[in-house]
Amino acid sequence: MRNEEFIKLHESDDVRQLALKAHSVEGIDLPYCLDQIAGRQTARRKLPSWAAVDSIVYPPHISMEQCSSEQTAMYKKSVLDRLHSSFFTLHSSFIIDLTGGFGVDFSFMSRGFRRGVYVERQEHLCDVASHNFRCLGLENVEVVCEEADEYLDYCDKADVIYLDPARRDTHGAKTYAISDCTPDVASLLPSLLKKACLVMIKLSPMLDWRKAIADLGEQHVIEVHIVSVDNECKELLLLLSANHALSSSPSSIAPTLHCVNISAGALSSIVVPLFRQPQCDKRQFASSDNPDSPDISDILDNKDYPAIAAIPAFLFEPNASIMKAGCFDALIDRYPGLMKIAPNSHLFISTTEISDFPGRGFSIIKTTSMNKRELRSALVGITSANISTRNFPMSVAELRKRLKLREGGDIYIFATTDINGAHIIYICAKLSKKK
């Protein structure tokens, strides 16, 4: 049996089970076949356009684990497409990827350029990339097997240089600090800025974006992108240039922070100026001390769960990118009438529904304090719920035990602390996203 026949025959099988029982099959390279089967299975979820091409060759598991998804690769391409028209007068339309890896990001971003160079220090990945780029119909691309810093010494000046530095040490453990990545982009930055109009760097979503800016130089930052997929933070992207005045665009004057969530093929984003630190006005907070704030306990004196659509009070939880960015005041600016529950709660309420809120929205059924009698009354008929705690002295597990509720169901409970220090429970139902 040939490798291709074995892969096709077992492309949906459990790879671990297959590894145990396929040793007796003659004529195949079993480790290679297992990598291809596992790679195809990952690609169906992560890279559907690649999975549709049978001749694509997949690398070992670690490279598949680290590579970008199709969604995030396409997002990077959209960023560069926008900057082409807004920031640059392209002299050669040339992009370099100094840390090629499996080549997913390069395969999407290079389509917007007349010339692209993929650089990778591992020879087997270069061989895989060369093969796959041909299968994908990529033209005018070159594969170079070399260390990033060595290629940078002699390469032509490019419009864009992209780097996704390796975030594992010599023992295979994950690293997050810029200085612990390979290559060390901080030390390469002067050369990078000389050799490219724009430098795009992909960093770990675990990294504090403010520290990343400080490490790489605030004066060079044009944009910061915090990218989530299905409300899970996936990437931190920094765009830098030696010259902010790339064009007359307002963005060249005020660097911007982009909080992005990609879900079900749709993209929601909020863009705020970097280094802006607005002062919080107490009128923004939901509190009984605020005369402009609705008395939620009066509004929600309704025990009829089916009638929740008529209740004029809503709770909103920002998506993961906004949570990581901490740009909560931008939400107040964008949505008049939206109020913070408290400075550290990171939850918001409104008397009106906000259909395009960048996060999850809920209709509030009831509110209650932690008073035993109030809790008992508020939870009548509720046996299970999805529980979240924000700025609250109990963990989710502790609160679930206290409330004696099973996990799951259609009810959502948010436990938090208001601006006056009172512990409050919001009992909610999830709003449906409007198309």
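**Exercise 1. In what order do the seven strands of the open sheet lie, and which strands stand at its edges?**

Solution. The model is predicted.
Step 1. Read across the sheet: the order is β11-β12-β10-β13-β16-β15-β14. The sheet is open, and its pairing is mixed.
Step 2. Check the ends. β11 (339-340) and β14 (384-389) each have a single partner strand, so one side of each is left without a neighbour in the sheet.
Step 3. Add the helix. α16 (residues 396-403) lies across β14, β15 and β16. Helix α16 runs at about 140° to β14.

**Exercise 2. Work out how strand β10 is paired and covered.**

Solution.
Step 1. Take one neighbour. β10 (residues 314-318) pairs with β12 (residues 348-350) in the antiparallel sense, over three bridges. Here F314 has S350 as its bridge partner.
Step 2. Take the other. β13 (residues 359-368) also runs antiparallel to β10, joined by five bridges. On this strand, S363 stands opposite F314.
Step 3. Sort the side chains. In a regular strand they alternate between the two faces of the sheet. In β10, F314, F316 and P318 are on one side, with L315 and E317 on the other.
Step 4. Apply the burial cut-off, under 20% relative accessible area. Five of the five residues in β10 are buried, and both faces are covered.

**Exercise 3. Describe the pairing of β15 with β16.**

Solution.
Step 1. Locate the strands: β15 spans residues 406-417 and β16 spans residues 423-430.
Step 2. Give the sense. They pair antiparallel, over seven bridges.
Step 3. Name one pair: T417 has H423 in β16 as its bridge partner.

**Exercise 4. Compare the settings of three salt bridges.**

Solution.
Step 1. Start with the total: the whole structure holds 17 salt bridges.
Step 2. Take K76 and D105. Their closest N and O atoms are 2.9 Å apart. K76 lies in α6 (residues 70-87) and D105 in α7 (residues 104-109), so the pair ties together parts 29 residues apart in sequence. K76 is buried at 0% relative accessible area. D105 is buried at 6%.
Step 3. Take R115 and D156, at 3.4 Å. R115 is in β2, while D156 is in the loop between α9 and β4, 41 residues apart. R115 is partly exposed at 31%, and D156 is partly exposed at 44%.
Step 4. Take K234 and E232, at 3.5 Å. K234 is partly exposed at 37%. E232 is partly exposed at 46%.
Step 5. Look for shared partners. Salt bridges join K76, D105, D164, K202 and E235 into one network.

Methods
Residues numbered from 1 in each chain as written. Predicted model: local features only at pLDDT ≥ 70, side-chain atom pairs only at ≥ 80, totals over all residues. Heavy atoms only, no water. Pairing = 2+ DSSP bridges. Helix = DSSP H or I, 4+ residues; strand = E, 2+ residues; numbered from the N terminus. Contact = heavy atoms within 4.5 Å. Axes fitted to C-alpha atoms, helices over the stretch in contact; angles between N-to-C directions. Buried < 20%, exposed > 50% of the residue type's maximum accessible area, 1.4 Å probe, protein only. Salt bridge = Lys/Arg side-chain N within 4 Å of Asp/Glu carboxyl O.
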